[in-house]
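Trainee: I have a new model open and would like to learn how to read its features. Could you take me through them step by step?

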Amino acid sequence: MTEFQMKQFLLTADTCFISHRVKILGGGEQEIVLEEAGGEEVHLSFQQRGSIYVCALSCRIVNPHLNNAIRKLFVTYKGTGTVNRIYQGFTMVYVYENGSVRRISEVTPLGSKLVYQHKHSLAEMMRLYKSDAVEQEIESLRITINRLLDQRNRVCRNEENQEIQEIDRNLARITRKLFELEA
């Protein structure tokens, strides 16, 4: 987040349930301590990288107000990471990418169950649709096939010829790949 966004965060972090204090550390680092009225704290260490502040966080939060503050931090400032919400007998695992929940899983002693997975957005679908990487690979394979066929035609037509057998193996492998891509 930028310095302006950090000031915004500090203004919104204080609620009737949560207060904060800021510690200025060496090398442009800052530590923000969010404290719940009952005494639970979360220490957010921010390192300055150019004009932005980056926070790497690993913590265990029991208080729902602090948990909500960290969730808002992910969403508002486009955070990427994993949040484990621990309940009696199971854990909900939220995976965030750029502030959006991409996957939610329920983890129990018996295993894991996918609850939600992000589907492609319209913008992502348009990007994939406009991508021509597959078409470029198909064109490259066709050129390689033509080159191998020309090479095969130049080689003596002796069926026992090792070179023809090698060319035929390459042609079989490449045409199988071409078929997969065109499908």
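**Reading the model, feature by feature**

Mentor: Let us start with a single residue: apart from neighbours within four places in sequence, L66 touches I18, L34, E36, E40, E41, V42 and I61. Keep in mind that this is a predicted model.

Trainee: Where is L66 placed, and is it buried or exposed?

Mentor: L66 lies in helix α2. A residue counts as buried when its relative accessible area is under 20%, and L66, at 0%, is therefore buried. Sequence separation is a further thing to look at: C55 is eleven residues away from L66 along the chain, and their C-alpha atoms are 16 Å apart.

Trainee: Let me move to a whole helix. Which residues of helix α1 are buried?

Mentor: Helix α1 spans residues 3–13, and its buried residues are M6, F9, L10 and A13. The way to read such a list is to ask how the residues are spread around the axis. Here they cover an arc of only 100°, which puts them on the same side of α1.

Trainee: Which exposed residues does the face turned away from the buried side carry?

Mentor: That face of α1 has F4, K7, L11 and T12 as exposed residues. On the buried side, the cover includes β1 (18–24), β2 (30–36), β3 (41–49), β4 (52–55) and α2 (64–76).

Trainee: Now for charged pairs. How many salt bridges are there?

Mentor: The count comes to six. A pair qualifies when a side-chain nitrogen of Lys or Arg is within 4 Å of a carboxyl oxygen of Asp or Glu. One of them joins E35 and R21, with 3.2 Å between the closest N and O atoms. This pair links distant parts of the chain, since E35 is in strand β2 and R21 in strand β1, 14 residues apart.

Trainee: Are these two partners buried or exposed, or something in between?

Mentor: Both fall in between: E35 counts as partly exposed at 25% relative accessibility, and R21 counts as partly exposed at 34%. Compare this with E31 and K23, whose side chains meet in a salt bridge at 3.6 Å, N to O. E31 is buried, with a relative accessible area of 14%, whereas K23 is partly exposed, at 34%. It also helps to look for shared partners: salt bridges that share them join R21, E35 and E41 into one network.

Trainee: What about paired strands: how do β7 and β8 run, and how many bridges join them?

Mentor: The general idea is that side chains in a regular strand alternate between the two faces of the sheet. In this model, strand β7 (residues 100–108) and strand β8 (residues 111–117) run antiparallel and are joined by six bridges. The two strands form a hairpin, with two residues between them. To follow the register, find I104, which stands opposite Y116 in β8. A salt bridge can be read here too, as the side chains of E106 and K113 meet at 3.9 Å, N to O. E106 is partly exposed, with a relative accessible area of 22%.

Trainee: Last, the surface. Which residues form a nonpolar patch?

Mentor: L122, M126 and Y129 do, with about 400 Å² of accessible area together. L122 belongs to helix α3, residues 122–130. With a relative accessible area of 67%, L122 is exposed.

Notes:
Residues are numbered from 1 along each chain as its sequence is written. This is a predicted model: local features need pLDDT of at least 70, side-chain atom pairs count only at pLDDT 80 or more; totals for chains, interfaces and linings use all residues. Side-chain values use heavy atoms; hydrogens and water are left out. Buried means under 20% relative accessible area, exposed over 50%, partly exposed in between (1.4 Å probe, protein chains only). Helices (H or I, at least four residues) and strands (E, at least two) are DSSP runs, numbered from the N terminus. The arc is that of the directions from the helix axis to the C-beta atoms. Contact means heavy atoms within 4.5 Å. Two strands pair if DSSP finds at least two bridges between them. Patches are made of residues with over 30% relative accessible area and no salt bridge: like charges are joined within 9 Å, nonpolar side chains (Val, Leu, Ile, Met, Phe, Trp, Tyr) within 5 Å. Accessible areas come from the Shrake-Rupley method with a 1.4 Å probe; for residues, only the protein chains shown count as cover.
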